[in-house]
Amino acid sequence: MTDIRTRKADHITLALQSTHQSSQGAGFDRIRFEPNPMPQMSLQDVEFNSYFLERHVAAPFMIGAMTGGCDNGEIINQHLAEAAQSCNIPMSLGSQRAALESGLPQNVRRWAPSAIVLGNLGATQLQQHGFGLAERAVESVAANALVIHLNPLQELIQPDGDRDWNNVLEAIQRCAEKLDVPVIVKEVGAGIGPNSVKKLMDAGIKWIEIAGRGGTNWASIELDRNGSEREQEIAGPFLDWGMNTVEILPVVHAACPNLNFIGSGGVRNGLDIALCIRLGAKMTALAQPFLAPALISTEAVIEKISIFKEQLRWTMFLTGSQKLSDLRKASLQKSVN
Ligand SMILES: Cc1cc2nc3c(=O)[nH]c(=O)nc-3n(C[C@H](O)[C@H](O)[C@H](O)COP(=O)(O)O)c2cc1C
């Protein structure tokens, strides 16, 4: 196995461990809907069909980026992609770097011929390899959009991680200007705040995935893989680096109301999905919650999707929200703690 593929396999094993979930939480427990005990509708009246990238999707959540598909990543992606296809839920691929570098086939379209599939590359790979890599990532899977991930802390903790982040914004801007598909920029668990969001907007980006703090903790995972005593000491203060998903979403939405936000990072159920929508997200993404089912079967992923949909339906019913436009206006009640 190449270094990148070994690293990916480690990531999958470690991401399943609860010790590598952020100890802080994403903040969903600190904000509550005001219950509506007179919903004045039937549960079956709730409707959350949505549009994403100008296509109809069954619900406002998607499978977050995890693997580009190599070794056991291949079976994970098969289960995720078949479920995405069957449920009409979008799916984001994990980094395609290893597949593109090794020339391995990317089979996602065999399993998800018509689902929305998002390609994925790291911003530093674009800065190093140029726009051609972005074109190959999109073409190789007929991606509906390209996701570019920002992960500077993760790269610092990886011993061979990228330290040179010069010209990353220019590389992103070039993709936004020249690619035939939309570009989505995301973090991996530290969030993207209002200053960076504005720079990305000026660079032509229309979609941002927050990937805030509160879910999978990449600093913790990378330290578990490599940390010498010295590295543990240096990285220690950064284990909780970042901005909670729940704190940052309303701030960036208020700063840039015309941008499209994907709420992610620690989203764990349909109630969290509903809260993200209420806080300004057009779409939401869950990564780690799909990992364990994806290791089992396509049916297990479909069941997970169905549970999230039911939880979202319950939340909408219990807030008297028949449509997503009603949910966006539902009353919130800050909890006392
Ligand atoms: C096993 C695993 C692998 C991941 N690999 C990638 C990746 O290749 N590219 C990427 O943009 N994000 C990657 N992520 C980050 C997720 O897409 C997401 O932003 C982050 O885990 C926070 O969401 P969560 O709390 O729902 O897991 C990965 C996450 C997991 C759990």
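In this predicted model, the ligand is surrounded by 23 residues, and the closest of these are Lys8, Ala65, Ser95, Thr216 and Arg268. Sorted by class, the shell around the ligand consists of ten nonpolar, nine polar and four charged residues.

Polar contacts to the ligand involve both backbone and side-chain atoms of the protein. At serine 95, a polar backbone atom is 2.8 Å from an oxygen atom of the ligand. An oxygen atom of the ligand also lies 3.0 Å from a polar atom in the side chain of asparagine 120. For lysine 186, the partner is a nitrogen atom of the ligand, which is 2.9 Å from an N or O atom of the lysine side chain. The ligand taken alone exposes 610 Å², of which the protein buries 97%.

Helix 6 was examined separately. This helix spans residues 131–141, and its buried residues are Phe131, Leu133, Ala134, Ala137, Val138 and Val141. Viewed down the axis of helix 6, these buried residues fall within an arc of 165 degrees, so they line one face of the helix. The elements against which the buried residues of helix 6 pack include both helices and strands. The helices are helix 3 (97–102), helix 4 (108–111), helix 5 (123–129) and helix 8 (168–178). The strands are strand 6 (117–122) and strand 7 (145–149). Alanine 142 follows helix 6 and has a positive phi, near 45 degrees.

Note on methods. Residues numbered from 1 in each chain as written. Predicted model: local features only at pLDDT ≥ 70, side-chain atom pairs only at ≥ 80, totals over all residues. Heavy atoms only, no water. Near = heavy atom within 4 Å. Polar contact = N/O pair within 3.5 Å; in protein donor to acceptor, adjacent residues only side chain to side chain. Areas by Shrake-Rupley, 256 points an atom, 1.4 Å probe, with all protein chains shown as cover. Nonpolar A, V, L, I, M, F, W, Y, C, P; charged D, E, K, R; others polar. Buried < 20%, exposed > 50% of the residue type's maximum accessible area, 1.4 Å probe, protein only. Helix = DSSP H or I, 4+ residues; strand = E, 2+ residues; numbered from the N terminus. Arc of directions from axis to C-beta. Contact = heavy atoms within 4.5 Å.
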